[in-house]
Amino acid sequence: MLYHIFLFLVVLVLVERGSFAASPLEIVSVNEQLAHTEAVRNDETNQTLARTNFERLERLSNRSRYVARSCKEIRDRYNLREDGLYYLTTANGMVYQTFCDMTTAGGGWTLVASVHENSIYGRCTVGDRWSSQQGNNAALLDGDGNWSNRNTFGTAEGATSDDYKNPGYYDIAAEDMSVWHVPNNFPLEHWNLAAILRYHTDNRFLRLYGGNLFQLFKQYPVRYNVGSYNNRGPAFPIVYDHGDRESTRLLYGPNSRGEFQPGFITFRAINNERAAMAICSGVKPVSGWNTEHYCIGGGGYFHPDQCGDFPSFDWDRLGKGQGWSASKEMTEAAVLLFYR
Amino acid sequence: MLYHIFLFLVVLVLVERGSFAASPLEIVSVNEQLAHTEAVRNDETNQTLARTNFERLERLSNRSRYVARSCKEIRDRYNLREDGLYYLTTANGMVYQTFCDMTTAGGGWTLVASVHENSIYGRCTVGDRWSSQQGNNAALLDGDGNWSNRNTFGTAEGATSDDYKNPGYYDIAAEDMSVWHVPNNFPLEHWNLAAILRYHTDNRFLRLYGGNLFQLFKQYPVRYNVGSYNNRGPAFPIVYDHGDRESTRLLYGPNSRGEFQPGFITFRAINNERAAMAICSGVKPVSGWNTEHYCIGGGGYFHPDQCGDFPSFDWDRLGKGQGWSASKEMTEAAVLLFYR
Amino acid sequence: MLYHIFLFLVVLVLVERGSFAASPLEIVSVNEQLAHTEAVRNDETNQTLARTNFERLERLSNRSRYVARSCKEIRDRYNLREDGLYYLTTANGMVYQTFCDMTTAGGGWTLVASVHENSIYGRCTVGDRWSSQQGNNAALLDGDGNWSNRNTFGTAEGATSDDYKNPGYYDIAAEDMSVWHVPNNFPLEHWNLAAILRYHTDNRFLRLYGGNLFQLFKQYPVRYNVGSYNNRGPAFPIVYDHGDRESTRLLYGPNSRGEFQPGFITFRAINNERAAMAICSGVKPVSGWNTEHYCIGGGGYFHPDQCGDFPSFDWDRLGKGQGWSASKEMTEAAVLLFYR
C-alpha cells in the first residue's frame with residue numbers, strides 16, 4: 001500500500017513539474033521520461049486481480065444505448081464526460097467500440113487509429129499496415145493503401161499493442177485532430193498519464209480537407225513518386241496538452257532536429273528519394289527532407305533500408321537517439337490519432 | 001448543385017440504356033464503364049461532411065432487435081425491404097453485421113464474402129487470403145484453406161477495400177448465389193450503382209451441395225493437384241441484374257474469350273498445371289483451361305508467376321486487357337458473394 | 001436417420017470405453033482416435049441444412065443482457081449452465097463473445113485463446129501469431145509478442161480454423177486453466193466430443209502469477225535467449241477430463257517420450273538452443289530439452305528449421321509420429337486455452 005502511494009506521488013510529481021520542459025541536459029530529460037513511464041507501468045501490474053465491480057460493469061455496458069457517430073456527439077447529445085470506451089455507429093449503421101477522450105480541451109475526441117511499430121527491423125513486413133506488408137516494392141505505389149481505404153483492424157484496448165483503425169477514420173466528419181504518443185503495451189486506463197506527448201490542433205483545418213484523414217489523403221495521396229519534397233501536404237500548428245516543443249525536439253535524433261520545426265502536425269511529407277510519408281507528428285520539415293527519420297506511415301516504396309510504419313527511426317542505432325535515430329521512447333510508443 | 005444533378009443524370013442514362021450491351025466497339029464500352037464509375041465516384045466525395053441524421057441512425061441501430069440467420073429471414077420474418085447493414089446470428093448465437101440486398105429479384109440476399117486483390121504483383125503474399133499468404137508452395141495443397149474453414153476476416157463496410165468473410169459463409173443454409181463486381185474502395189451505399197456486373201443464379205443449386213460454399217468446397221476441394229482440368233466442379237447458368245454476356249466477355253482478356261462461355265458461374269476449376277481455382281465468376285471454361293486468367297481464389301500452388309487471389313489476371317500487361325490479361329475494370333473490382 | 005443413430009452409437013461407444021486408455025498397441029490407439037474423430041466429423045456434414053430454430057436463436061441472442069467479465073461470473077451471477085457462446089465485458093467495458101464450458105468439473109471455464117498451426121511448413125510466416133510472423137529473426141527476441149500484449153485476433157467459432165485470442169486473455173482474473181486439443185476445423189458444437197485430449201489444473205496456481213497468462217508471461221517472458229533450459233517457468237499437475245497420461249505420451253514422437261513426464265502443464269520452456277516456448281501442454285520436460293518437439297508458441301528465434309507456433313512438431317516426417325515428430329492427431333489439432 002505504501003508502495004502504491006509512493007508510486008502515485010512519483011507520477012504526480014513528474015506530471016506536476018511538467019517533466020518535459022526544455023533542459024540543457026538531454027540525458028536527464030530522457031531519464032525522467034523513463035522514470036515516469038516505469039512508474040505508471042509498475043502501477044498497473046497487480047490490478048488485474050481486482051474484484052469485478054459489477055455496478056461499474058453494468059454502467060459501461062449500458063452505454064450501448066447511446067447512438068452517435070462520434071465522441072463529440074456522445075458528449076453533446078448525452079452530456080457524458082467520462083473518458084473510456086463508448087459505442088459509435090457509422091452513417092450506414094455499423095456499430096463499433098472505441099475510446100473517447102472526454103477531458104482534453106473540452107473533450108469529445110474520438111480515437112480512430114493508432115500507428116504501432118511491431119518490429120523496427122521489419123522492412124515493410126507483416127504488421128506494417130500503415131505502409132506496406134508486401135516488402136519494399138516500387139510497383140506498389142500506395143503500399144497497403146490503408147490511409148485512403150475503408151479497411152479496418154485492431155481494437156481500442158489493443159491500440160498500443162498493434163495497429164488500430166476503426167470505421168470512424170473514414171466515417172466521422174471532424175474539424176480537429178489530437179495525437180497521443182503512448183508507450184507500447186500500456187493499458188487504456190493509463191494512456192493519458194503514460195503518454196510521452198499529447199497535443200491537438202484548434203484551427204478546424206479538417207473542414208477544408210473533407211472532414212477526416214480518409215478524405216485529406218485522397219487530395220494528398222500517400223504514394224511513392226507522387227512528387228518531390230516540395231509537394232508535401234499542409235502543416236498546422238499544435239497546442240500541447242503534455243510536453244512542449246523542446247521535449248518534442250529531443251525525442252527525435254540530433255541530426256533530425258536540424259531539419260524540422262517542432263510544434264506542428266504535417267501531412268503527406270515527401271523525402272529526398274520521393275518516398276511519401278503520411279504524418280510528421282509534432283513537427284514540420286523546414287530545412288531538409290530526410291523525413292523518413294521523423295515522419296510515420298507511407299506508401300509502398302522507400303530507400304531499401306527504410307520501408308516501414310516508422311520508416312527509418314532506427315537509422316544509426318536502435319533507440320540510442322544518436323545521428324538520425326529517434327529516441328527509444330519515440331520508437332517504442334504507439335501514435336494514437338483522435339478526431340473532433 | 002447543378003453539377004450533382006448532371007452527374008445523377010449521367011449515371012441514370014448509363015444505367016437506363018443498359019450500358020454494357022454488346023458493342024462492336026470494345027473501346028467505347030470500356031470508356032462508358034469508366035465514365036459510369038467515375039461519375040459515381042465523384043458523387044460520393046463530399047458526402048462525409050453531411051450532418052448526422054440521428055433519426056436515421058437510431059433506426060439503423062434498432063435493427064439489432066431483429067433476430068435471424070440470414071437476410072432472407074430478415075425479409076420474411078420482419079418484412080424489411082431496405083438495402084443496408086443488418087444484424088445476423090449464427091446457429092450458435094454469434095452475432096455479426098453484414099449487408100443485405102433487399103431489392104434484386106425479390107431481395108433477401110446476404111453478403112457473406114468478398115474477394116479483393118490487394119496487390120496484383122503479390123504472388124500469394126499478405127492479403128491473398130483466398131489462395132495463400134505463404135508464398136507459392138506445392139506442399140501447401142489447400143493454401144490458407146479459407147474456402148473450407150470457419151475463419152472470418154474483414155467487415156462489410158470494408159468489403160471493397162480488403163478481403164471479407166463473415167460467419168454466414170458457413171452458417172447460412174441457402175439455395176442461390178448472387179455476385180457483384182464492385183470497383184475497389186467504393187462505399188457500401190453506392191455498390192449497387194457502381195458495380196460493373198451483377199448477376200445471380202435461380203435454380204437453387206446450393207440445395208444439392210450442402211446449402212453453402214463451405215459445404216460445396218468440402219465436396220470439391222480447392223486443392224492443388226486434386227485432379228486434372230476434367231475434374232472441375234459444377235457450373236450453373238446466371239441471370240443478369242446489371243451487364244450481360246457480352247459485357248462479361250469483354251471484361252476478360254482477348255485470348256481468354258476463346259476459352260470460356262459467359263453467362264455461368266463455375267466452381268473449383270482446374271487449369272493445365274493442375275492448380276485449383278475456386279470460382280469462375282460469370283463464365284464457364286469450355287474449350288481451354290488457362291483458367292488462372294479468369295477464375296479467382298485457389299489452393300496454395302500455381303505456376304510460379306500466377307499464385308494469388310486473382311491468380312494471373314495481369315499475365316500480359318496489367319490492366320491493358322490484351323492477350324490473356326483481364327481488363328483494368330475487372331482486375332480492380334472486388335467480387336462480392338451473396339447467398340439466398 | 002438410422003445412419004445418424006448409428007453414428008451416435010459409435011461415438012457413444014468410443015467415449016464410454018475411454019478410448020485413450022493405456023494400450024501396449026500404439027497403432028490401435030491411433031486408429032481408434034481416427035475413427036472417433038471421423039465419426040464426429042461425418043455427423044456434422046449435413047447439419048447446416050437444418051431449419052432455423054428461431055426460439056433457440058432468440059434465446060441465444062438474449063444472452064447479451066447478461067453482464068460479466070468471465071464465464072465463471074456468468075455461471076455464478078445468472079446460474080446458467082449451458083455450454084456455448086456468451087457475451088463478456090472487460091473492466092473497461094469492451095464487449096466480446098466467446099465459448100463457455102459450463103460442464104467440465106463444475107463449469108465456468110472461459111475460452112480465451114487457441115493456438116492453431118496453419119502451416120507446419122511455415123517457419124514463422126503469416127499465421128504464426130503465437131511465435132513470429134516476421135521470419136526466424138534473432139533480433140526479434142519476443143517475436144510477435146502476443147503472449148504478453150493486448151492484441152486480439154480471430155473468433156470463437158473460428159478457433160479451430162485459425163489462431164484466436166480475445167480480451168479475456170488479459171482481462172480475466174482466474175485461478176485455474178483448462179486445455180482442449182481439438183482437431184482442426186471442427187465446429188464449436190462438437191469440440192467437447194471431438195477433442196483428443198481435455199484436462200485442467202485444480203490447484204489455483206494462477207493466483208500466484210497475476211491471475212492470467214498475460215501476467216504470468218510478464219514474469220516469465222517468452223523470449224529468445226532469456227536464459228538456459230534451467231530457467232523454465234513453473235509446471236503444474238493436471239486432472240484429465242478426456243484421455244490420460246498414456247494417451248498424452250503417445251500423441252508425441254517416440255524420442256520426445258523419453259524426455260518429458262505426462263500429466264502436467266508447463267510454462268515458458270527453454271530448449272538447448274535457448275529458444276523460449278510458451279506452453280508444454282500436457283507434459284513437463286524432465287530429462288532432456290528438445291522442447292521444440294512438444295511445446296507450443298514461442299519468441300522470435302529458433303534453430304532455423306524450427307520456428308513456428310508448433311515449432312518443430314514435424315522434425316522427422318510430418319504426421320508420421322516417428323523419431324521426434326508428433327503424431328498427425330496432435331499436429332493437426334488446435335490447442336484451446338480456458339481460464340476459470
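In this predicted model, 31 residues of chain A are in contact with 35 residues of chain C. Putting these two chains together buries about 2700 Å², and carbon and sulfur atoms give 49% of that area. The points below start at this interface, then move to a helix of chain A, a sheet of chain B and two buried loop residues.

**Where chain A meets chain C**

- The size of an interface is often given as the accessible area lost when the parts come together.
- Between chain A and chain C the count is 1 salt bridge.
- That kind of link joins the side chains of C:Arg77 and A:Glu58, with 3.6 Å from N to O.
- Polar contacts between chain A and chain C come to 12 residue pairs, counting those with both residues at pLDDT 80 or more.
- On the side of chain A that touches chain C, the elements giving two or more residues are α3 (54-61) and β1 (84-89) of chain A.
- The largest share of that side, 6 residues, is supplied by α3(A).

**C:Asn92, a loop residue facing chain A**

- You can find C:Asn92 in the loop that runs between β1 (84-89) and β2 (95-101) of chain C.
- With a relative accessible area of 13%, C:Asn92 is classed as buried, because the cut-off for buried is under 20%.
- The side chain of C:Asn92 makes a polar contact of 3.3 Å with the side chain of A:Glu157.
- Setting aside neighbours within four places in sequence, C:Asn92 is in contact with A:Arg56, A:Leu60, A:Leu85, A:Glu157, A:Leu188 and A:Glu189.

**Helix α4 of chain A**

- Helix α4 of chain A spans residues 71-78, and its buried residues include A:Cys71, A:Glu73, A:Ile74 and A:Arg75.
- An α-helix has 3.6 residues a turn, so residues three or four places apart point the same way.
- The cover over the buried residues of α4(A) includes β1, β2 (95-101) and β3 (109-115) of chain A, together with α3 (54-61) of chain B.
- Just after α4(A) comes A:Asn79, which has a positive phi near 55 degrees.

**A sheet in chain B**

- Chain B has an open sheet of 3 strands in the order β7-β9-β10, paired in the antiparallel sense.
- At the edges stand β7 (235-237) and β10 (276-285) of chain B; each has a single partner strand, so one side of each is left without a neighbour in the sheet.
- From one strand to the next, the twist averages 20 degrees.
- Strands of a sheet pair through backbone hydrogen bonds, either parallel or antiparallel.
- The antiparallel pairing of β7(B) with β9 (residues 260-270) of chain B runs over 3 bridges.
- If you would like a residue to look for, B:Phe236 has B:Ile265 of β9(B) as its bridge partner.

**Two more buried loop residues**

- B:Ala174 sits in the loop between α5 (168-171) and β5 (177-183) of chain B, and at a relative accessible area of 2% B:Ala174 is buried.
- Not counting residues up to four places away in sequence, B:Ala174 touches B:Leu206, B:Arg207, B:Gly211, B:Tyr339 and B:Arg340.
- B:Ala174 and B:Arg207 are 33 residues apart along the chain, with 7.0 Å between their C-alpha atoms.
- C:Phe186 lies in the loop between β5 (177-183) and α6 (191-194) of chain C, and C:Phe186 counts as buried at 1% relative accessibility.
- The C-alpha atoms of C:Phe186 and C:Ser161 are separated by 7.8 Å, although their positions lie 25 residues apart along the chain in numbering terms.

Technical notes: Residues numbered from 1 in each chain as written. Chains lettered and ligands numbered in written order. Predicted model: local features only at pLDDT ≥ 70, side-chain atom pairs only at ≥ 80, totals over all residues. Heavy atoms only, no water. Pairing = 2+ DSSP bridges. Helix = DSSP H or I, 4+ residues; strand = E, 2+ residues; numbered from the N terminus. Axes fitted to C-alpha atoms, helices over the stretch in contact; angles between N-to-C directions. Buried < 20%, exposed > 50% of the residue type's maximum accessible area, 1.4 Å probe, protein only. Polar contact = N/O pair within 3.5 Å; in protein donor to acceptor, adjacent residues only side chain to side chain. Contact = heavy atoms within 4.5 Å. Buried area = accessible area lost by both parts, 1.4 Å probe. Salt bridge = Lys/Arg side-chain N within 4 Å of Asp/Glu carboxyl O.
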